[in-house]
Amino acid sequence: MIGAQSLTSKADTPQERARSIMGRLVDLGARYDAAPVFPIESLKLLQGADLHRTFAPQDAGGEVFADRQTQYDCMLSLLRIIGRADLSVGRLYEGHVNAMLLFEWFGTDAQKDVLRRALMSGAFYGVWATEPSPGVQLRESGAGWTLDGVKSFATGAGGLASAIITAQPGKGSRRLVIARADDENRTDLSQWRVRGMRATGSGQYDLGGMNVSVDDLLGEAGDYDRDPDFTTGAWRFTAVQLGGIEALLTETRAAMSSATRENSLQRAKFADAVAATRTAYLWVRECACRAAKSDPDGPAFARMTRGIVERAALDVMELASRIIGTRSAVDGQRIDKIIRDLSLYLRQAGPDYAKDQAALAWLDHDVWADGDALW
Ligand SMILES: Cc1cc2nc3c(=O)[nH]c(=O)nc-3n(C[C@H](O)[C@H](O)[C@H](O)COP(=O)(O)OP(=O)(O)OC[C@H]3O[C@@H](n4cnc5c(N)ncnc54)[C@H](O)[C@@H]3O)c2cc1C
């Protein structure tokens, strides 16, 4: 866990606090990219700005929002701002936010109390669902249960205090289990040799033999997979990815020399990059609104948004490289780091399936609709 310290004052907002630490997150991000270890200093900054509690349940020290839309507007801003600074830390923060929402939706009073104390001492959480076959099993043993199996792509493995993991019981749907995530002996980062997102340390974590009591079970069987909130929740990683695209556009503009700016061919590329970035923004913003309302069409909307953000990111990466040239690929350049991080972070589960499901939904009815249906 990270030692408690606070930079907060009652006058400021989470967004202002996030902006105030952006520059330091950028500098630290470059350091952790060059020598990848769990980015403890970056998380200390988030914790010092009290951003680790913002989306926690109110009983656990979370921010009081006027309503869910206001909460999600703030979430969208923070995910973008932190993603702009460093996509690895954005991914860690997104996992933590996801965990806070799961506690809010499914946590008991006792679990929220444990969470409150953990957050006071600076704990960060993850959510680990991805796993190699046959997946993590939850086996009955004595008065409780024991886990068996391994998680892969486990962001923050060995560095986070805890993770909410999915586990399959003998009968019924999968369950959520709150598990310690900081055991070095269970952590295997040997395969996490990647071109980007290095500081996420998304390696493997072996849960074998870990005891689970009833207090460690979060919600009921099948709760994690409940739609629309489960599938629509993909909007959060698109918001972090959007932050990366926005940072890339900003860096590209800054790197454009006077000669480049005076050239209409280069300006046309820049215009395309602006349009792609803002298109992604409009879809992610709309998707966050759908998520806040638990819109039944949220899953189709989020699946479409994933593809739009992916396309925008691929376009802006290409345009940035063509506008800036070889400088965009030089080690130590921020543009190079953002492109490497983004190109890996875009790889999320089942992209073709997601787009196909979105197309099926749109063929059925105009999912955008909102009083403006085209068919
Ligand atoms: C930086 C990073 C951090 C992550 N952190 C976490 C984490 O903390 N917790 C967590 O649970 N997960 C995490 N993940 C995992 C993530 O959620 C995805 O599971 C993972 O990225 C899938 O990547 P993939 O490209 O191998 O996807 P795949 O789904 O395997 O897609 C690869 C390709 O295969 C195709 N494909 C997939 N399935 C089929 C099929 N049935 N038939 C035909 N084609 C198919 C796809 O269309 C695509 O073209 C992380 C991933 C990254 C990159």
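So, the domains come first: this protein is divided into three of them, with domain 1 covering 14-124, domain 2 covering 127-218 and domain 3 covering 229-364. Please keep in mind that what you see on the screen is a predicted model. The centres of domain 2 and domain 3, taken over C-alpha atoms, are separated by 30 Å. Where these two touch, domain 2 contributes four residues and domain 3 contributes five. On the domain 2 side of that contact, two residues are nonpolar, one is polar and one is charged.

Now to the ligand. Where does the ligand lie with respect to domain 2 and domain 3? Both domains give residues to the shell around the ligand, so it lies between them. There are 21 residues around the ligand, and those that come nearest are Ala129, Thr130, Phe153, Thr155 and Asp352. By class, the shell has 10 nonpolar residues, eight polar ones and three charged ones. Several elements supply at least two shell residues each: helix H4 (87-106), strand E1 (125-128), strand E4, helix H11 (334-345) and helix H12 (351-364). E1 gives the largest share, with three residues.

Let's stay with E4 for a moment, since we just met that strand at the ligand. E4 belongs to an open sheet of three strands, ordered E4-E8-E7, with antiparallel pairing. Strand E4 (150-154) and strand E7 (187-188) stand at the edges with a single partner strand each, so one side of each has no neighbour in the sheet. The partner of E4 is E8, residues 203-206, and three bridges join the two antiparallel strands. If you'd like to find one of those bridges yourself, look for lysine 151, whose partner in E8 is tyrosine 205.

Next, another set of strands. Strand E5 (residues 162-169) runs antiparallel to strand E6, and six bridges join them. Together E5 and E6 form a hairpin with five residues between the strands, and glycine 172 there takes a positive phi near 85°. On its other pairing, E6 is joined by two bridges to strand E10 (residues 217-218), again antiparallel. Why do I call E6 largely enclosed by the rest of the structure? Five of the six residues of this strand, which spans residues 175-180, are buried, and therefore the description fits.

My favourite residue in E6 is valine 177. Isoleucine 165 stands opposite valine 177, and so does leucine 217 in E10. Leaving out residues up to four places away in sequence, valine 177 touches Leu138, Leu147, Ile165, Ala167, Val212, Asp216, Leu217 and Leu218.

Val177 also shows up in the largest nonpolar core, which has 102 residues. The members that touch the most other members are Ala163, Ile164, Val177, Leu248, Val316 and Ala320. Helix H10 (residues 298-324) provides the largest share of this core, with 13 residues.

To finish, let's look at helix H2, residues 40-48. Its buried residues are Ser42, Leu43, Leu45, Leu46, Gln47 and Gly48. What do the buried residues of H2 pack against? They pack against helix H1 (14-34) and H4, and H4 is one of the helices that we saw supplying the shell around the ligand. After H2 comes aspartate 50, with a positive phi near 60°.

Key
Residues numbered from 1 in each chain as written. Predicted model: local features only at pLDDT ≥ 70, side-chain atom pairs only at ≥ 80, totals over all residues. Pairing = 2+ DSSP bridges. Helix = DSSP H or I, 4+ residues; strand = E, 2+ residues; numbered from the N terminus. Core = buried A, V, L, I, M, F, W, Y, C linked by C-beta atoms within 7 Å. Buried ≥ 20, exposed ≤ 12 C-beta atoms within 10 Å, placed from the backbone. Contact = placed C-beta atoms within 7 Å. Near = placed C-beta within 6 Å. Nonpolar A, V, L, I, M, F, W, Y, C, P; charged D, E, K, R; others polar. Domains from an automatic or database assignment.
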